[in-house]
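Got your viewer open? Load the model and let's take a walk through it, one selection at a time.

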Amino acid sequence: MKISILTVSYNSSLTIKETIDSVLSQDYDNIEYIIIDGLSTDGTQEIIQSYGSKISRFISEKDEGLYDAMNKGIEMATGDVIGIINSDDYFVNNQILSLVINEFKKQKVECVFGDLVYFRSKNPQKIVRKYSNRNFNKQKIRIGILPPHPTFFVK
């Protein structure tokens, strides 16, 4: 299964390298990595371009905001599964995408999601908040409580 990972960015020079490295270091190798940038002016574009062909698709153009950029990336995606990781987020280890794909294969489901940990950028050891998937149930979707998109993967 091919997995398309999307990152949207705008003036993310302080964090984008860690995001990209966390995607490219995954032990799963069938990854299409798409980055949509909103015409950053702080060096973000240059950081992304320094990865060359390791980034499957990269565009930088004016957009209507975060969700417009995400939708552009979704339209470009050719993977069997799509996931979105923000330009200031990162995968906690290099096995995340393997675990995700294994769940799709094992459970025969249309989407999977996991836990999300929020921390202050200067102190990743100090957890500010944690979203646990253990407390989720389908009824929450009906009232607008959704899994956090950095942990959500869909066919």
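Is Asp 21 buried, partly exposed or exposed, and why? Select Asp 21 and look: this is a predicted model, and in it Asp 21 has a relative accessibility of 30%, so Asp 21 counts as partly exposed. Now add Lys 17, which forms a salt bridge with Asp 21, the closest N and O atoms being 2.9 Å apart. Both lie in helix α1, four residues apart, about one turn of the helix. Lys 17 is partly exposed too, at 46%.

Next, show the sheet. Six strands make up an open sheet, in the order β3-β2-β1-β4-β8-β5, with mixed pairing. Color β3 (57-60) and β5 (111-113): these stand at the edges with a single partner strand each, so one side of each has no neighbour in the sheet. From one strand to the next, the twist averages 15°. Helix α1 (residues 16-24) packs on this sheet, where it touches β1 (3-9) and β2 (31-37).

Move on to Lys 72 and Glu 61, whose side chains meet in a salt bridge (2.8 Å, N to O). Lys 72 lies in helix α3 (residues 66-76) and Glu 61 in the loop between β3 and α3, so the pair ties together parts eleven residues apart in sequence. Lys 72 counts as buried, at 17% relative accessibility, while Glu 61 is partly exposed at 35%.

Last stop: helix α4 (residues 96-107), home to both Lys 106 and Glu 103. Their side chains meet in a salt bridge (3.1 Å, N to O). Here Lys 106 counts as exposed, at 57%, and Glu 103 is partly exposed, at 28%.

Methods
Residues are numbered from 1 along each chain as its sequence is written. This is a predicted model: local features need pLDDT of at least 70, side-chain atom pairs count only at pLDDT 80 or more; totals for chains, interfaces and linings use all residues. Side-chain values use heavy atoms; hydrogens and water are left out. Two strands pair if DSSP finds at least two bridges between them. Helices (H or I, at least four residues) and strands (E, at least two) are DSSP runs, numbered from the N terminus. Axes are lines fitted to C-alpha atoms, for helices over the stretch in contact, and angles run from 0 to 180 degrees between N-to-C directions. Contact means heavy atoms within 4.5 Å. A salt bridge is a side-chain nitrogen of Lys or Arg within 4 Å of a carboxyl oxygen of Asp or Glu. Buried means under 20% relative accessible area, exposed over 50%, partly exposed in between (1.4 Å probe, protein chains only).
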